[in-house]
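Hello,

Here is the structure we talked about handing over. Please have a look, then read my notes below.

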Amino acid sequence: MLGLMQQWPLLCHKILDYAAAQHGQREIVSRSVEGPIVRTNYVELRGRALKVAQRLERDGYGLGDRIATLAWNTARHLEVWYGIMGVGAVYHTLNPRLFPEQIVWIMNHAEDRLLFVDLTFLPIVEKHCPGVKSVKKVIVLTDAAHMPQTSLANAVAYEEWLAEADGDFAWKSFDETTAAGMCYTSGTTGNPKGVVYSHRSNVLHAMMAAMPDAMGISTRDTVLPVVPMFHANAWGLAQSSPMVGAKIVMPGGKMDGASIYELLDTEKVSFTAAVPTVWLMLLQYLEETGKKLPHLKRVVIGGSACPRAITEKFQKNYDVEVIHAWGMTEMSPLGTLCTMKPEYDDLQGDARFAIQQKQGYAPFGVEMKVTDDEDREHPWDGKTFGRLKVRGPAVAGSYYGGASSEQFATDGWFDTGDVAHIDAHGYMQITDRAKDVIKSGGEWISSIDLENLAVGHPDVAEAAVIGVRHSKWDERPLLVIVRKPGREPEKADILSFMNGKIAKWWMPDDVAFVSEIPHTASGKIQKMTLREQFKDYRLPTETAI
Ligand code: ADP
């Protein structure tokens with residue numbers, strides 16, 4: 001027997017319809033790529049998104065067409081997204097921080113037919129886009145006055161292109177499982193892999209993300225998504241903010257401490273989200289200038305482990321609550337968020353910070369388990385770590401074009417490639433990437449735990465730990481350090497700082513000082529490159545055998 005309720009497919013453009021109907025005058029503020037701050041609202045944004053849809057249809061784009069964007073977070077980017085989804089086409093966010101060759105590879109793989117590009121990235125497109133034969137037209141996200149000379153024969157200024165539509169258009173309707181968007185993982189191993197979100201998965205994910213114990217945003221919030229739309233839907237904020245009618249502030253291309261502070265202050269931002277690197281820059285700016293954050297209430301930090309020092313500074317010095325979060329492109333991207341359950345209500349000081357080091361627990365819609373290599377499930381005891389596997393309605397079921405199917409088990413669980421443990425209250429903590437964990441004498445050492453500990457040393461700017469070949473133990477940890485400017489800590493200082501805070505056999509066998517640690521396009525430490533750099537490194541402990 002079927003339920004007798006109405007058919008109301010979960011389609012992304014309905015989010016914008018809702019925002020315009022119920023929160024129409026709520027502002028969307030952008031730092032434009034041209035420079036000035038630009039203001040619009042949900043009614044206007046919906047009107048322009050409808051024009052995008054109308055114009056796309058007139059140009060012959062529709063169901064299933066992949067349409068790429070290479071752009072910062074702005075209202076224009078947002079209206080383009082909703083316009084694309086509104087005709088059943090598929091937005092495909094490109095990460096401008098990738099090498100141009102990778103961008104070209106990804107565009108060819110996705111067979112993008114059209115490209116929307118910010119002025120900032122036009123030079124990359126001019127140089128490399130002719131290598132993408134499927135792209136028939138390039139739309140530059142600017143007006144005629146700012147449209148530069150370009151070598152591209154098929155380029156038009158967005159505002160001129162849009163002006164040819166009158167907005168008298170109705171969204172297309174289709175099944176909720178239709179593809180809505182596409183995002184490639186950075187491909188730190190092998191070629192990038194395409195994740196294809198559906199309308200249904202995006203809508204459900206936006207609901208999960210907005211829930212009170214997840215991000216907990218509401219119409220009373222002013223949300224600053226510093227995390228880019230090209231990083232897995234700005235962690236869902238591009239959909240969950242209009243879904244709750246929050247005011248949005250878009251940072252454009254400026255992510256430095258002063259620029260972010262300016263928006264936080266002038267727009268009275270109450271909620272924001274980004275990777276740790278962004279917050280390091282902001283905290284440094286605040287320390288240098290003595291400025292405070294009177295309006296900001298919550299900051300979501302994820303993408304890589306949030307160092308305890310960042311959590312402490314936000315909470316102790318600025319009275320801003322930190323929500324540590326974990327996720328991945330394949331999960332739309334939210335997996336867990338570290339908000340406090342009542343069980344932890346009474347925790348204070350160090351004990352509370354220790355919980356906040358964890359990545360948190362899963363909201364409704366994410367199931368998790370931790371297993372050994374034979375898929376035997378580990379207990380939720382907060383210490384037995386193993387492979388973290390997930391499933392849910394916003395978790396990828398396969399990659400575009402069927403790449404790398406071994407991560408998708410036949411029983412419906414996706415192997416995240418992360419190594420983690422889960423405690424009795426359901427709080428998960430990442431201890432490593434499966435490929436980065438250090439295997440010493442058959443036991444596993446978490447490189448992330450060692451890194452977190454090492455960055456706690458006052459003279460350390462950044463730390464990375466890799467396994468180096470060892471004749472007796474297979475691998476032993478090498479700690480690679482970037483010193484803070486003007487500071488000269490020695491190996492012995494660092495090791496004695498760590499001593500006693502971890503098991504003795506976890507202690508790094510050596511410390512190497514470097515001027516820079518390599519990073520991926522999404523700001524994560526590039527362990528592969530680092531391992532390559534130190535592949536012939538001889539640990540001092542070798543001589544003892
Ligand atoms: P990629 O960098 O490959 O494109 P994602 O941006 O989707 O992939 O990153 C997902 C990975 O980032 C996770 O599998 C995990 O290893 C890491 N990650 C994300 N958030 C956290 C966190 N809070 N702590 C530790 N690692 C994290």
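The notes cover the ligand site first and the cysteines after that.

This is a predicted model: local features need pLDDT of at least 70, side-chain atom pairs count only at pLDDT 80 or more, and totals for chains, interfaces and linings use all residues. Residues are numbered from 1 along each chain as its sequence is written, and side-chain values use heavy atoms, with hydrogens and water left out.

Ligand site. There are 16 residues around the ligand, each with a heavy atom within 4 Å of it. Ser186, Ala325, Thr329, Asp418 and Arg433 come nearest. By class, the shell has four nonpolar, nine polar (Gly counts here) and three charged residues (Asp, Glu, Lys or Arg). Strand 14 (residues 321-327; a DSSP run of E, at least two residues) gives the largest share, four residues.

Polar contacts (N or O pairs within 3.5 Å). A side-chain N or O atom of arginine 433 is 2.6 Å from a ligand oxygen. The side chain of histidine 324 has an N or O atom 3.0 Å from a ligand nitrogen. A backbone N or O atom of alanine 305 lies 3.1 Å from a ligand nitrogen. The protein covers 88% of the 570 Å² of accessible area (Shrake-Rupley, 1.4 Å probe) that the ligand has on its own.

Cysteines. The structure holds zero disulfides (cysteine sulfur pairs within 2.5 Å). Why is cysteine 183 not bonded to cysteine 12? Their sulfurs are 14 Å apart, too far for a bond, and cysteine 12 is the closest. Cysteine 183 is buried (under 20% relative accessible area, 1.4 Å probe, protein chains only), at 3%. For cysteine 338, the closest cysteine sulfur is in cysteine 306, 10 Å away, also too far. Cysteine 338 is buried too, at 2%.

Best regards

Key. A polar contact is a pair of N or O atoms within 3.5 Å; within protein, one must be able to donate a hydrogen and the other to accept it, and residues adjacent in sequence count only if both atoms are side-chain atoms. Buried means under 20% relative accessible area, exposed over 50%, partly exposed in between (1.4 Å probe, protein chains only).
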